[in-house]
Amino acid sequence: MKKEWIIDSPSSSEKSLIKKLLISRGIKTEEEIREFLNPLEMQLTSPNAFSDMKKTVERLSRAIENKEVIIIYGDFDADGVTSTSILYKTLKHLGADVHYFIPDRENEGHGFDKKALIKLMTTIKPKVIISVDCGISDVDAVKFINSFKIIDVIITDHHEAPEVLPEAYAIINPKAPNSLDASLSTKQIEHLTYLAGCGVAFKVAQALLEKYEKTEFVYEILPFVAVGTIADIVPLLGENRYFVTKGLELISRGKHEGLKILLESAGYDITKGVTSENIAFGVAPRINASGRLDTVESALKVLISDNMQEVQMAVNTLNELNKIRQTLCQEIFAQADAMVQKEGNKYPAIVLADEGWHIGIIGIVASKLVEKYYKPTFLMTYSEET
């Protein structure tokens with residue numbers, strides 16, 4: 001497919017090239033331009049902009065003070081892993097009895113899994129389950145947890161909300177109906193809807209740290225927010241610009257040892273500064289490779305462990321998994337591409353299946369086929385067991 005550049009000619013008589021570019025992207029007022037170009041001077045929206053935030057902080061602080069068990073229920077991609085790390089490190093810092101659980105991509109899938117929940121309820125026996133980067137669509141699973149009448153479920157997520165929401169104790173999701181303060185401006189609401197799961201988790205952490213007057217700890221978790229925000233490819237607008245700018249600055253200063261070691265193992269010298277490209281191509285694929293091919297335990301250790309020997313071993317594991325991921329991608333792409341060419345590439349969409357393809361890899365290969373053929377692509381694998 002031939003591509004053609006179409007340059008929009010703004011009606012503005014602005015002479016500055018930078019301002020012309022910003023205006024063409026919808027950033028027009030002096031305030032918007034200043035905020036875009038100087039994200040570290042931005043005033044962050046209060047976490048209490050979320051309607052259920054006070055309720056969430058009240059329940060989590062009660063759990064902290066009464067030593068009730070809290071489980072963070074995450075997701076297996078880079079956004080989910082960083083979101084889990086943000087809340088885990090924060091709750092640990094505040095003295096909570098906190099555990100985490102991230103489902104297996106192949107066996108348990110995205111969101112709450114009932115079998116996993118039963119195991120958690122019978123072994124760890126939580127009083128609070130808080131989701132990160134998932135949960136907003138899990139109506140039946142939340143109803144199942146509520147039936148025991150001993151656990152409060154808090155959902156933090158950023159995905160599109162269904163018409164019927166789960167009956168959770170609290171929901172922190174900027175895209176859920178009535179989830180934000182009605183007095184917010186349109187611009188504030190828009191910026192909050194840009195947040196990745198890690199950005200929403202950060203808002204919860206921010207609110208907790210404000211309650212306990214330990215706000216300096218935000219600089220310990222902002223590197224995670226930067227990584228998750230970049231990895232999830234959300235718009236780098238609004239508060240996301242602050243999160244990424246500040247997080248990258250902290251990483252380049254060696255604020256997080258695990259990320260420093262991981263970046264160096266990928267061939268980057270952080271003393272020269274860390275860019276979003278370094279994270280997108282050096283860190284995110286390695287974290288995602290663990291979730292695609294194995295458990296995310298190694299990725300979590302890189303982010304939350306204070307044992308440098310353990311961190312180094314986890315980095316080695318991530319690098320090995322990333323190499324395997326690259327090899328599998330090349331092999332499956334070659335097979336899928338050969339199938340497309342064999343049938344003559346004559347259909348309006350590409351739909352292929354092979355029982356030998358790895359479930360954690362076919363999404364990447366589908367994207368590569370889209371890039372090559374500019375067609376909607378659907379790849380499937382098959383399992384006798386499931």
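**Rings, cysteines and nonpolar cores**

Ring pairs join Y73, F101 and F112 into a cluster. The model in which this cluster appears is a predicted one, and the description below moves from the aromatic rings to the cysteines and then to the nonpolar cores.

In total, the structure holds 6 aromatic pairs. One of them is formed by Y73 and F112, whose rings meet edge-to-face, at 4.8 Å centre to centre and with 65 degrees between the planes. This pair links distant parts of the chain: Y73 belongs to strand β1 (residues 69-73), whereas F112 lies in the loop between β2 (97-101) and α5 (114-123), and the two are 39 residues apart. Both Y73 and F112 are buried. Another edge-to-face pair is made by Y242 and F243, with 6.1 Å centre to centre and 70 degrees between the planes. Y242 and F243 are likewise both buried.

Aromatic rings also take part in arrangements with lysine. The charged end of K55 sits over the ring of Y169, at 5.1 Å from the ring centre. In a second arrangement, the charged end of K211 is placed over the ring of Y212, 5.9 Å from its centre.

The cysteines come next. A disulfide is a covalent bond between the sulfur atoms of two cysteines. How many disulfides does a search of the whole structure find? The search finds 0. C134 is in no disulfide, and its nearest cysteine sulfur, that of C198, is 14 Å away. For C198, which is also in no disulfide, the nearest cysteine sulfur is in turn that of C134, at 14 Å. A disulfide requires the two sulfur atoms to lie within 2.5 Å, and the separation of 14 Å between the sulfurs of C134 and C198 does not meet this limit. Is C134 buried or exposed? C134 counts as buried because its relative accessible area is 0%, under the 20% limit. The relative accessibility of C198 is 0%, so C198 is buried as well.

Attention now turns to the nonpolar interior. The largest nonpolar core has 78 residues, and I70 and I279 are those with the most contacts inside it. Which helix gives the most to this core? Helix α8 (residues 197-211) does, with 9 residues. When neighbours within four places in sequence are left aside, the contacts of I279 are V227, I230, L248, I251, L263, V274, A284 and P285. A second, separate core has 20 residues, including Y73, C134, A141 and V153. This second core thus brings back two residues met earlier: Y73, a member of the ring cluster, and the buried C134.

Note on methods. Residues numbered from 1 in each chain as written. Predicted model: local features only at pLDDT ≥ 70, side-chain atom pairs only at ≥ 80, totals over all residues. Heavy atoms only, no water. Phe/Tyr/Trp six-rings, centres within 6.5 Å; stacked < 30°, edge-to-face > 60°. Helix = DSSP H or I, 4+ residues; strand = E, 2+ residues; numbered from the N terminus. Buried < 20%, exposed > 50% of the residue type's maximum accessible area, 1.4 Å probe, protein only. Lys NZ or Arg CZ within 6 Å of the ring centre and 35° of its normal. Core = buried A, V, L, I, M, F, W, Y, C linked by side-chain atoms within 4.5 Å. Contact = heavy atoms within 4.5 Å.
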